[in-house]
Amino acid sequence: MKWTATAGRVKGTVMDEDAIRRSLTRIAHEIVERNKGADGLVLVGIVRKGDILAQRLAGAILELEGSTVPFGRINPSRHRDDLHIRPVADSSDVSELPEIDDRIVVLVDDVIWHGRTIRAAMDALIELGRPRSIQLAVLVDRGHRELPIRPDYVGKNVATSVDEMIYVCLKEFENLDRVVVIK
Amino acid sequence: MAIVSRLRHVIESQQFSRALLEELFARSEEIKREPHRFMGRLNGQVMAALFYEPSTRTRLSFEAAMIRLGGQGMGTDNAREFSSAAKGETLEDSIRIVSGYADVIVLRHNEQGAAKRAAAVSSVPVINAGDGPGQHPTQALLDIYTIKDELNRVDGIRIAMVGDLANGRTVRSLTYLLSKFKDIKIWFVAPPVVAMRDDLKAHLDEHHVPWVETEDLESVLPEVDVVYMTRIQKERFSDPAAYEAVKGVFRIDKSSLALMRKYSIVMHPLPRVDEIAQEVDDDPRAAYFRQARNGLHVRMALLDYLLS
């Protein structure tokens with residue numbers, strides 16, 4: 001098995017391929033249920049893994065509802081709060097958004113931790129339009145929030161210690177779907 | 001921080017506080033994720049499994065749990081027929097003897113209240129692994145853990161319990177545990193002859209848990225997140241005609257799946273007879289085999305909690 005962008009030892013698996021698929025189906029259902037349909041919805045994934053998940057959620061909603069939900073991707077790098085420490089190195093992952101004005105935007109990311117990426121993504125989003133509302137869907141919530149941000153849809157809550165990392169492997173990058181804990 | 005009083009014996013679901021449940025589930029999750037870290041935790045400890053009623057999975061699951069933690073298991077499968085009970089020894093005497101040999105006793109008995117009687121005289125922790133139509137608290141633990149694992153929440157769950165609700169100790173234990181969570185709604189789907197008993201309905205009313213009783217499974221399926229199927233327990237019917245009249249009334253098959261929500265789950269404490277068609281097994285919503293597997297991790301967490 002090949003791990004990219006990871007260091008340390010894999011301690012264990014928290015979600016396998018089936019669990020990821022079931023979670024995404026459930027989240028797709030919850031999104032439709034909570035918004036009373038798919039009208040006016042836009043799914044926006046945070047690069048580089050959230051956009052893959054946004055695409056999969058759009059597929060799940062299509063299967064459930066028969067409605068096509070537009071999806072896009074957003075790169076929050078320029079809005080990070082640590083730019084003075086870590087300048088943006090790679091700007092190749094550009095944002096590509098459908099119309100978001102007056103839409104219900106569901107931001108999608110693989111893991112929520114401190115909440116800072118989500119804050120930056122909301123700033124990046126608002127710079128490009130004025131959504132009616134923003135909701136948040138994540139595959140894994142690992143806790144340790146540093147900002148008052150809480151996801152509306154969660155695949156799995158995973159209790160972690162600060163020295164552990166949650167790594168979401170997706171077929172598009174690692175040739176398999178799996179969520180692992182790394183220490 | 002809340003002070004969680006430690007449990008010594010595990011007799012009934014009502015003993016578990018929400019805080020203790022969270023603690024046990026967190027430990028189960030850790031064990032599931034990193035089993036090697038728990039190897040040898042119970043080195044040198046011995047578990048006695050006393051089964052006065054037949055069981056395969058509960059007993060094997062407890063034994064596997066003990067062995068995986070480094071302890072050892074011993075026991076008797078047919079305590080009623082082959083042990084000293086057959087010679088007339090009381091349960092209390094058997095427990096007094098066995099608690100001198102083992103560090104924990106796992107007891108399954110055909111009489112309701114047996115585990116409580118055993119705990120009263122045992123010098124080591126007693127775990128109730130089913131007492132007649134009474135309770136089966138470790139099954140309820142793994143059931144709640146499975147709901148949490150599959151749906152990422154227990155609060156707000158809508159659940160249908162289907163089948164033999166009068167004799168089904170798993171549904172009794174599960175109902176008691178569910179009443180500790182918020183915004184639960186329960187549908188009891190059973191033939192009137194094996195309907196949920198009044199004591200539990202009164203318990204739910206006391207805890208403001210809304211429940212509905214019906215025989216119309218089809219109308220319930222689209223409403224719920226969890227369909228908890230149970231077997232009609234032939235062995236608890238004194239009249240074979242009464243059993244024949246209600247067996248196979250409620251069944252989950254492909255056409256039931258079509259009525260269910262796409263993310264809902266089907267659970268079953270197993271063994272199943274024909275309540276769930278085999279064609280359901282391949283559907284991602286069929287959670288019963290994952291549920292059985294969770295039993296191992298939850299029982300490991302419980303043994304670890306009681307003994308280490």
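In the next few minutes I will walk through the contact between chains A and B, one strand of chain A, and then the two sheets and some helices of chain B. Please keep in mind throughout that this is a predicted model.

I will begin where the chains meet. Ten residues of chain B are in contact with 16 residues of chain A, and on the chain B side the largest share, three residues, is supplied by helix 1 of chain B, which spans residues 18-33. If we sort that side of chain B by class, we find five charged residues, four nonpolar ones and one polar one.

Staying with chain A for a moment, I would like to look at strand 3 of chain A, residues 71-74, which is covered on both faces: A:Phe71 and A:Arg73 are buried on one side, and A:Gly72 and A:Ile74 are buried on the other. In a regular strand, side chains alternate between the two faces of the sheet. Strand 3 of chain A runs parallel to strand 2 of chain A, residues 41-46, and four bridges join the two; within this pairing, A:Gly45 stands opposite A:Arg73.

Now to chain B, where one open sheet has four strands in the order 2-1-3-4, with parallel pairing. Its edges are formed by strand 2 (72-76) and strand 4 (126-131) of chain B, each of which pairs on one side only, and from one strand to the next the twist averages 15°. Strand 4 of chain B pairs with strand 3 of chain B, residues 104-109, in the parallel sense over four bridges, and here B:Asp131 is the bridge partner of B:His109. Lying across strands 1, 2, 3 and 4 of chain B is helix 2 of chain B, residues 57-68, which runs at about 155° to strand 2 of chain B.

The other open sheet in chain B that I want to show has five strands in the order 7-6-5-8-9, again with parallel pairing. Strand 7 (211-214) and strand 9 (265-267) of chain B each have a single partner strand, so one side of each is left without a neighbour in the sheet. The twist in this five-stranded sheet averages 20° from one strand to the next. Strand 8 and strand 9 of chain B pair in the parallel sense over three bridges, with B:Tyr228 opposite B:Met267.

How many residues of helix 7 of chain B are buried? Ten of its ten residues are, among them B:Arg169, B:Arg172 and B:Tyr176, and what covers them includes strand 4, helix 6, strand 5, strand 6, helix 8 and strand 8 of chain B.

Of these, helix 6 of chain B, residues 137-151, deserves a further word: helix 6 and helix 7 of chain B pack with their axes 8 Å apart and at an angle of about 60°, and they are therefore oblique to each other. The crossing is right-handed. From helix 6 of chain B, B:Pro137, B:Gln139, B:Ala140, B:Asp143 and B:Ile144 meet B:Thr170, B:Ser173, B:Leu174 and B:Leu177 of helix 7 of chain B, a set that divides into five nonpolar, three polar and one charged.

Finally, is B:Glu223, in the loop between helix 9 and strand 8 of chain B, buried or partly exposed? B:Glu223 counts as partly exposed, because it has 16 C-beta neighbours inside 10 Å. From B:Glu223 to B:Arg68 the separation is 155 residues in sequence and 40 Å in space, C-alpha to C-alpha.

Definitions and conventions. Residues are numbered from 1 along each chain as its sequence is written. Chains are lettered from A and ligands numbered from 1 in the order in which they are written. This is a predicted model: local features need pLDDT of at least 70, side-chain atom pairs count only at pLDDT 80 or more; totals for chains, interfaces and linings use all residues. Two residues are in contact if their C-beta atoms, placed from the backbone, lie within 7 Å. Ala, Val, Leu, Ile, Met, Phe, Trp, Tyr, Cys and Pro count as nonpolar, Asp, Glu, Lys and Arg as charged, and the others, Gly among them, as polar. Axes are lines fitted to C-alpha atoms, for helices over the stretch in contact, and angles run from 0 to 180 degrees between N-to-C directions. Angles under 35 degrees count as roughly parallel, over 145 as roughly antiparallel, 65 to 115 as roughly perpendicular and the rest as oblique. A crossing is left-handed if the near helix is turned anticlockwise from the far one by less than a right angle, and right-handed if clockwise. A residue is buried if 20 or more other C-beta atoms lie within 10 Å of its own, exposed if 12 or fewer, and partly exposed in between; C-beta atoms are placed from the backbone. Two strands pair if DSSP finds at least two bridges between them.
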